[in-house]
Amino acid sequence: MTLTWTTKPFAALTLTELYALLQLRSEVFVVEQTCAFQDIDGQDQMAYHLLGHSEAGELLAYTRLFAAGISYPEASIGRVVVSPSARRYGLGRELLRQSIAAIDALFGSQPIQIGAQLYLKEFYESFGFQQHGEGYLEDGIPHIHMIRR
C-alpha cells in the first residue's frame, strides 16, 4: 500500500484535513483504546501535521511533529496513528520513517523525544529510540519516554 505524504503547519490544514485527522485520532485513541481523554490539548496549533493519504484520498496514517522546546526539550513526534483499516501493511514503520525525515527537514537533524506506549517499546527501539527514565501512566495506559539521538 502506497501513501502520499504531506506535512503542513496547523494554519495550512484545510477543514477537511483537520476533520479527518481529529476523526482518526478519536477512532483509535478514544474509541479503540477505550480511553476518555482530552485529545484536543491546545498543542495542535504549534505542531506540523504529517498526513498519509491513500490513492482514494482517505487519511490512513498521521503524526504531529514539534520543534524542540514545545513538548520536550528535544524535537518530538506525537499522536502516532495508523487507521485500523490499514494495519498489517507496514504503514506504522513507513509513518515513523516519514516522521523522522520530516523532523530532519523541518528542524535539522537532532535528538527526538517521544512518549511511547510501553507495548510499542521494541518497535521504537528498531528506529534507534532508547528508553529515558522510568515508566509512567498516561490516561491509565503505561508509557515510557524515549529519545533517539
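Trainee: At which residues does UniProt place the feature "domain: N-acetyltransferase"?
Mentor: The model is predicted, while this feature comes from the UniProt record, where the entry is unreviewed. The end C-alpha atoms of the span lie 24 Å apart. UniProt places the feature at residues 8–149.

Trainee: How much of residues 8–149 is helix, and how much is strand?
Mentor: Across the chain there are three helices and eight strands. Within residues 8–149, the shares are 28% helix and 31% strand.

Trainee: In what order do the elements of the chain run from the N terminus on?
Mentor: The chain has three helices and eight strands to place. Read from the N terminus, the order is β-α-β-β-β-α-β-α-β-β-β.

Trainee: Why does the chain count as being as compact as a globular protein of that length?
Mentor: The globule rule gives 15 Å for 149 residues. The chain comes close to that value, so it is as compact as a globular protein of that length. Its radius of gyration is 14 Å.

Trainee: What percentage of the contacts with a separation of 6 or more do residues 24 or more positions apart account for?
Mentor: A contact here means heavy atoms within 4.5 Å. Of the contacts in the chain with a separation of 6 or more, the share from residues 24 or more positions apart is 61%.

Trainee: What percentage of the residues count as buried?
Mentor: Buried means under 20% relative accessible area. The chain exposes about 7,900 Å², with carbon and sulfur atoms supplying 52% of that area. Of the 149 residues, the share that counts as buried is 39%.

Terms used. Residues are numbered from 1 along each chain as its sequence is written. This is a predicted model: local features need pLDDT of at least 70, side-chain atom pairs count only at pLDDT 80 or more; totals for chains, interfaces and linings use all residues. Side-chain values use heavy atoms; hydrogens and water are left out. Helices (H or I, at least four residues) and strands (E, at least two) are DSSP runs, numbered from the N terminus. The radius of gyration is taken over C-alpha atoms; the globule rule is 2.2 Å times the number of residues to the power 0.38. Buried means under 20% relative accessible area, exposed over 50%, partly exposed in between (1.4 Å probe, protein chains only). Accessible areas come from the Shrake-Rupley method with a 1.4 Å probe; for residues, only the protein chains shown count as cover. UniProt positions are given in the numbering used here, feature names are shortened, and annotations may be inferred rather than shown by experiment.
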